[in-house]
Structure formats: structure tokens, C-alpha cells
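Thanks for sharing this one; here are a few notes to read alongside the model. I have kept them to how the strands are arranged.

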Amino acid sequence: MVSIQNLHFSYKKKKVFDGLNLELKPGHIYGLLGKNGMGKSTLLCNMAGLLFPKEGVVRVNEFNPAERQAEFLQGIYMVPEEFHLPNISIEAFLDGYAPFYPQFNNQQFQQYLHIFDIPRDSTLQHMSYGQKKKVLISFALASNAKLLLMDEPTNGLDIMSKSQFRKVLAESINDERCIIVSTHQVKDLENLIDRVTIIEDGRILFDQTVEAIVQKLSFRYSFDDAEVKAAFYAEPSLRGSVIVAANTEGEEGKLDLELLYKAIVTNGITIQKLFNV
Ligand SMILES: Nc1ncnc2c1ncn2[C@@H]1O[C@H](COP(=O)(O)OP(=O)(O)OP(=O)(O)O)[C@@H](O)[C@H]1O
């Protein structure tokens, strides 16, 4: 669905990508992680055709996003981190934007608004940031676009809304759809994503399915000093140390996304070797 080869991108003198490669398939929810300023938003904008590569190839649903053909635009929806919504009612917003998405389902949209507790007769300008975000998320899901790009979608969402977000996203994935969620709120992605992609220094540092991660790595508490020392990553906790270690027992445990992220950022090359065998 998304194929990126040898992507080079710069903002004037600021180099962001330096030969980035990435393949994303339908049927998955991808978690896109990385430190501040590593280029997550820039990558999503390159996929959406809002920014153009300096070098390399980006293909989305077989289209070149930079050409912004109508058929390409119908198949993609991006919920940006920062946005401005017009001072109109939700109904007027729908009348203006839904026709761009031939598969838009008004009934689904109303259901999502209900789940997120947004009154249907609201005016966008009078809403809080979190409420606006929920309207955009509802619109994105109801558009039935095949590729959904979400940049920090849970920013501004309250605790209940975050869990509703996880639920509706998990229910909305199907074999034809691909969802990419870029975030720092890793807890919000737990039990939701099935692939983890981490960007660092202009390239993909780590890109693995959750299935492969829990096969290869173990996330657990340890009181054994030697084990803690040998771990890929360890941090003290009230119950001994919490560690990321090789899964030598072959038991598939639960992924701790925050620990994985810290382990990759501090010890990514060593961990990557484990996946290359
Ligand atoms: N319009 C711009 N002009 C110049 N440089 C920019 C512009 N937008 C972003 N940058 C720079 O490009 C780099 C990547 O920015 P980007 O917003 O894609 O990162 P990010 O990973 O999404 O960051 P964050 O996690 O903080 O949201 C940063 O170093 C940023 O300073």
C-alpha cells in the first residue's frame, strides 16, 4: 500500500531523510515512533503528497502522492497534529468535505460522534481542541479511505476518549485498510498496533511486527544482577529491575512498548542483530 525507496528529504538546509526505505501493507495498524524532530510528521506529509521528496520514490496505492490525483486523494485521509477547522457546524463540515470521499458513511460518522460524546448540532469553532480532534478522527474513520495517517491523534483526548479511540480504531481495521499512527503517547498504542516502526537520524532504525518482537524479546521484572547486567535495557523499579532481554525461553509474553522504545533508542543496533538472524 505504501512503498518508499531511498527517500531523501530536506527543508532548505535541514536534512531530514537520507535514504529511507519503508514498505507498509494493508490490514495493519502501524505505530510510528521516534524522538522529537526525527521526521515522523514529515514522513506522513510525504505519503499524503503535502511534501515532495528531493530524491527517491514514494508510492501510495500505486499513485505518486506528489501528483495529488483525485483518485489518490479519495483513498487517503490524514489527521494532522495541528489543524484549523472552519467556523461552521458539523453538518456544514460534512456537506463540504464528505463528497470528496466516495465511500464516506454518514451512519458510521454519527456513531463515532456518539461514542466520542460529541453533540451532532455543535459548531466546530465552539469546541475544545480535544472535541475537534474527535470530530476529525470520526471523519477519518467514516471516510473509509484505505490509508489513514494519524499524527499524534490522542493528544488532547481525555482518558475515556483514549480508550474509545483504541477500540474504534481496532474495530475499523480490515484487510484493505492501513492505519499509521505517529505518537509519543506509546501507552495509547498498547494492544492496538501490530507493527512498530522507529525513525532515527533520517532512516528506519527498527521495523518489526509485534508478533516477531514478543518472540525475540522478553519484557519482565528481574532480581538477578547478572541478568539485569546482560539485558538490552534495564531500569530500576520498586519490584527489582524492569528489563528487556532476549526471549530465550520461547514464551511469548506481552509487549511493553515504552520499554521497547527506550531499549531501541539506547541499544538499537544490538537488538536489531537479534532480528536479522
Ligand atoms: N517547515 C519547516 N521548515 C524547516 N524545518 C522544518 C520544518 N518542519 C519541520 N522541520 C524540521 O524537520 C525535522 C523533522 O520535523 P518533524 O516535524 O517531521 O519531526 P517529528 O518527528 O514529527 O517531531 P515531533 O515528534 O516533535 O512532532 C525537525 O528537525 C524540524 O525542526
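1. A word on terms before the details: two strands count as paired if DSSP finds at least two bridges between them. Please keep in mind that this is a predicted model.

2. Let's begin with β1, which covers residues 2-11 and pairs with β2 in the antiparallel sense over 8 bridges. One pair to look up is histidine 8, whose bridge partner in β2 is aspartate 18.

3. These strands belong to an open sheet of 3 strands, ordered β2-β1-β4 and paired antiparallel. β2 (14-24) and β4 (55-60) are at the edges with a single partner strand each, so one side of each has no neighbour in the sheet. On average, neighbouring strands here are turned by 25 degrees against each other, direction ignored.

4. Which strands does helix α1 lie across? Helix α1, residues 40-48, lies across β1, β2 and β4, and runs at about 120 degrees to β1.

5. Another open sheet, again worth a look, has 3 strands in the order β10-β12-β11 with antiparallel pairing. Its edge strands, β10 (217-222) and β11 (233-237), each pair on one side only. From one strand to the next, the twist averages 15 degrees.

6. Within that sheet, β10 and strand β12 (residues 240-246) run antiparallel and are joined by 6 bridges. For a place to zoom in, try tyrosine 221, which stands opposite valine 242 in β12.

How values were computed:
Residues are numbered from 1 along each chain as its sequence is written. This is a predicted model: local features need pLDDT of at least 70, side-chain atom pairs count only at pLDDT 80 or more; totals for chains, interfaces and linings use all residues. Helices (H or I, at least four residues) and strands (E, at least two) are DSSP runs, numbered from the N terminus. Axes are lines fitted to C-alpha atoms, for helices over the stretch in contact, and angles run from 0 to 180 degrees between N-to-C directions. Two residues are in contact if their C-beta atoms, placed from the backbone, lie within 7 Å.
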